Amino acid sequence: MTIRSIPFQILLHGCALIALLPRFWSWGSFLVFVITTWLTACLGLSIGYHRLLSHRSFKTSLLFERILATLGALSYQFGPIRWVSIHRRHHRHSDTELDPHNSNKGFWYSYIGWLFNNKLIDVCPKCEQHVKDISKDRYYRWLHKYYGLLQIPLALFLYSLGGWSFVLWGIPLRIVYTLFLVGLVNSITHQRGYRRFNNVPGFNHTLVALLSFGEGYHNNHHEYPNSANLGLKGEFDISWYHLLLMSKLGLVSIKY
């Protein structure tokens, strides 16, 4: 079973609910949830998969790129090749029949329904035109096939630290929360919020942006897709401040 399977989603959400039972609560498990979400959703998805691999909005070494991509794969939002292909198709065909999570099909479709029985999220030889820059990389091809296996060493590590409570908070609850964030960006920011630019799709939504590490400034992003900073005047994009720190540390190079 995979993330595209309804039985798997039921199992995953069930385990996330079990994590919330009082017997599995502790400040340690909550800290595990915060740290693993930061590593995989902020550094991995927002910065690695989205701003680096999908849009090349900053430069870095191949080693650090692969570290960020690995954290993205740990988010359990597909491997980098499929994720980047989906996102680039979204920009190319936003809110049309060729958009993998077309918001015109309704809130629930763009929130989660698009994951199921959707040929637009397949990666085939014809579709690889969207990901030519990464599809030939052997490591990314490995992540494409085996990204799910990364949860196993993480589970063993978390279990050794704090037992089942750490595993439940650090894997199923964290994955479900990340799905929730991605769903909010795919749905709400194409239906609700405010716009700075009327000539491009999407809306800016402050609450979604705060929850999703800056990804909620979607109207800005569609106007400036290659910008590493999704926030404009008065808009707080926490991933951008991560990148500024990385730049000062010499890990990345950003165009200002």
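# Notebook: a predicted chain, residue by residue

**Leucine 53.** I began here: leucine 53 has 0% relative accessibility, so I put it down as buried. I looked up its place and found leucine 53 in helix α2. The model is a predicted one, and I read every value below with that in mind.

I then listed what leucine 53 touches, leaving out residues up to four places away in sequence. The partners are Gly48, Glu65, Ala69, Pro80, Val84, Arg88, Asp133, Ile134 and Tyr140. One of them, aspartate 133, I checked further. Leucine 53 and aspartate 133 are 80 residues apart along the chain, and 8.9 Å separates their C-alpha atoms.

**Serine 57.** Next I moved to the loop between α2 (27-54) and β1 (58-60), where serine 57 is found. Is serine 57 buried or exposed? Its relative accessibility is 7%, under the 20% limit, so I entered serine 57 as buried.

I looked for what its side chain meets. A polar atom of the serine 57 side chain lies 2.7 Å from the backbone oxygen of arginine 51. Arg51 also appears in the contact list of serine 57, together with Leu52, Asn226, Ser227 and Ala228. That list leaves aside neighbours within four places in sequence.

**Positive phi.** I searched for residues other than glycine with positive phi and noted two entries. Aspartate 95 is not a glycine, yet its phi is positive, about 60°. I located aspartate 95 in the loop between α4 (80-92) and α5 (107-111). With 18% relative accessibility against a limit of 20%, aspartate 95 still counts as buried.

The other entry is phenylalanine 213, whose phi is positive and near 65°. Phenylalanine 213 sits in the loop between α11 (206-211) and α12 (218-223). I recorded phenylalanine 213 as buried because its relative accessibility is 14%.

**Nonpolar patch.** I turned to the surface. Which residues make the nonpolar surface patch? I wrote down Trp142, Tyr146, Leu149, Ile152 and Leu156, with an area of about 510 Å² for the patch. Helices α7 (138-146) and α8 (151-162) are the elements that give two or more residues to this patch.

Leucine 149, one of the patch residues, lies in the loop between α7 and α8. I looked up its accessibility as well: at 44%, leucine 149 counts as partly exposed, because the value falls between the limits of 20% and 50%.

**Whole chain.** I finished with totals. How many helices and strands does the protein chain have? I noted 13 helices and 2 strands. Of the 256 residues in the protein chain, 54% are buried.

For the contacts, I took those with a separation of 6 or more; residues 24 or more positions apart account for 65% of them. The accessible surface comes to about 12,600 Å², and carbon and sulfur atoms hold 65% of that surface.

For overall dimensions, I took the box along the principal axes: the C-alpha atoms fill roughly 50 × 45 × 40 Å. I also compared the radius of gyration with the globule rule. A compact globule with 256 residues would have a value near 18 Å, and the protein chain has 18 Å, so I marked the two as agreeing.

Notes: Residues are numbered from 1 along each chain as its sequence is written. This is a predicted model: local features need pLDDT of at least 70, side-chain atom pairs count only at pLDDT 80 or more; totals for chains, interfaces and linings use all residues. Side-chain values use heavy atoms; hydrogens and water are left out. Helices (H or I, at least four residues) and strands (E, at least two) are DSSP runs, numbered from the N terminus. Buried means under 20% relative accessible area, exposed over 50%, partly exposed in between (1.4 Å probe, protein chains only). A polar contact is a pair of N or O atoms within 3.5 Å; within protein, one must be able to donate a hydrogen and the other to accept it, and residues adjacent in sequence count only if both atoms are side-chain atoms. Contact means heavy atoms within 4.5 Å. Patches are made of residues with over 30% relative accessible area and no salt bridge: like charges are joined within 9 Å, nonpolar side chains (Val, Leu, Ile, Met, Phe, Trp, Tyr) within 5 Å. Accessible areas come from the Shrake-Rupley method with a 1.4 Å probe; for residues, only the protein chains shown count as cover. A salt bridge is a side-chain nitrogen of Lys or Arg within 4 Å of a carboxyl oxygen of Asp or Glu. The radius of gyration is taken over C-alpha atoms; the globule rule is 2.2 Å times the number of residues to the power 0.38.
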